[in-house]
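Colleague: Could you take me through one part of this model closely, namely the sheet and the helices that pack against it? I would like a connected account rather than a list.

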Amino acid sequence: MTLQAGTGPQAAAAFGVLYAEVQQFYAHQMQLLDLGESQLWAETFTEDAVFDVPTLPQPVRGRAGLVAATSRSAAQLAEAGQRHRHFMGMFDVCERPDGAVDVRSYAIVYASQIGGESRVHRVCVCEDVLVRAEGALRVATRRVTRDDLA
């Protein structure tokens, strides 16, 4: 856990609230992704978000691009008879003076063949900038790197 400027019980309590909010945000966001809820998942990003992952030829920009990319992936998984589950953890959270939140975490993607075995598919590092928009945390930028490609 990264501590913010300011010390003492009040600062620690405020950071604890933020940390719990960040954890809940990712739990909800990854469940939407794994359930194939592309539109709802995209709404957890800002309108002009940038999503940079090594599985795509170039960064995706904006919610419409996010919906298209995740809908395509969901269709490919369904066609292959697979299910993915994303587990994110080891959150390092740092709130900026302007209120934006830098979050670095580890992501493990499990792939399950429906009716078959499950396996670790990918191990990644996720670096996000979260901002408050529409009364909630939203991803402004996401950069994902894979351990096997680093």
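Modeller: What follows is a walk through the sheet, strand by strand, and then the helices that cover it. Please keep in mind throughout that this is a predicted model.

The sheet is an open one of six strands, arranged in the order β2-β1-β6-β5-β4-β3, and its pairing is mixed. Because β2 (60–61) and β3 (82–95) each have a single partner strand, they stand at the edges, and one side of each is left without a neighbour in the sheet. Helix α1, residues 9–34, packs on this sheet and touches β1, β3, β4 (101–113), β5 (118–133) and β6, with its direction at about 160° to that of β3.

The parallel part of the pairing includes β1 (residues 45–52) and β6 (residues 136–146), which are joined by four bridges; within this pair, V50 has T141 of β6 as its bridge partner.

On the other side of the order, β3 and β4 run antiparallel and are joined by 12 bridges, with R85 standing opposite Y110 in β4. These two strands form a hairpin with five residues between them, and G99 in the turn has a positive phi of about 95°. Strand β4 is in turn joined to β5 by 12 bridges, again in an antiparallel arrangement, and here A111 stands opposite R119 in β5. The hairpin of β4 and β5 has four residues between the strands, and the phi of G115 in its turn is positive, at about 85°.

Within β4, S105 deserves a separate word. Its relative accessibility is 0%, and S105 therefore counts as buried, the cut-off being under 20%. Apart from neighbours within four places in sequence, S105 is in contact with M88, G89, M90 and F91, and also with C124, V125 and C126.

Helix α3, residues 62–80, lies across β1, β2, β3, β4 and β6, and runs at about 55° to β1. Its 19 residues, at 1.5 Å a residue, should span 27 Å, and since the C-alpha atoms at its ends are 27 Å apart, the expected and modelled values agree. The buried residues of α3 include G62, R63, L66, V67, A69 and T70, and among the elements that cover the buried residues of this helix are α1, α2 (38–42), β1, β2 and β6. Just after α3 comes G81, which takes a positive phi of about 70°.

Definitions and conventions
Residues numbered from 1 in each chain as written. Predicted model: local features only at pLDDT ≥ 70, side-chain atom pairs only at ≥ 80, totals over all residues. Heavy atoms only, no water. Pairing = 2+ DSSP bridges. Contact = heavy atoms within 4.5 Å. Axes fitted to C-alpha atoms, helices over the stretch in contact; angles between N-to-C directions. Buried < 20%, exposed > 50% of the residue type's maximum accessible area, 1.4 Å probe, protein only. Expected span 1.5 Å × (residues − 1).
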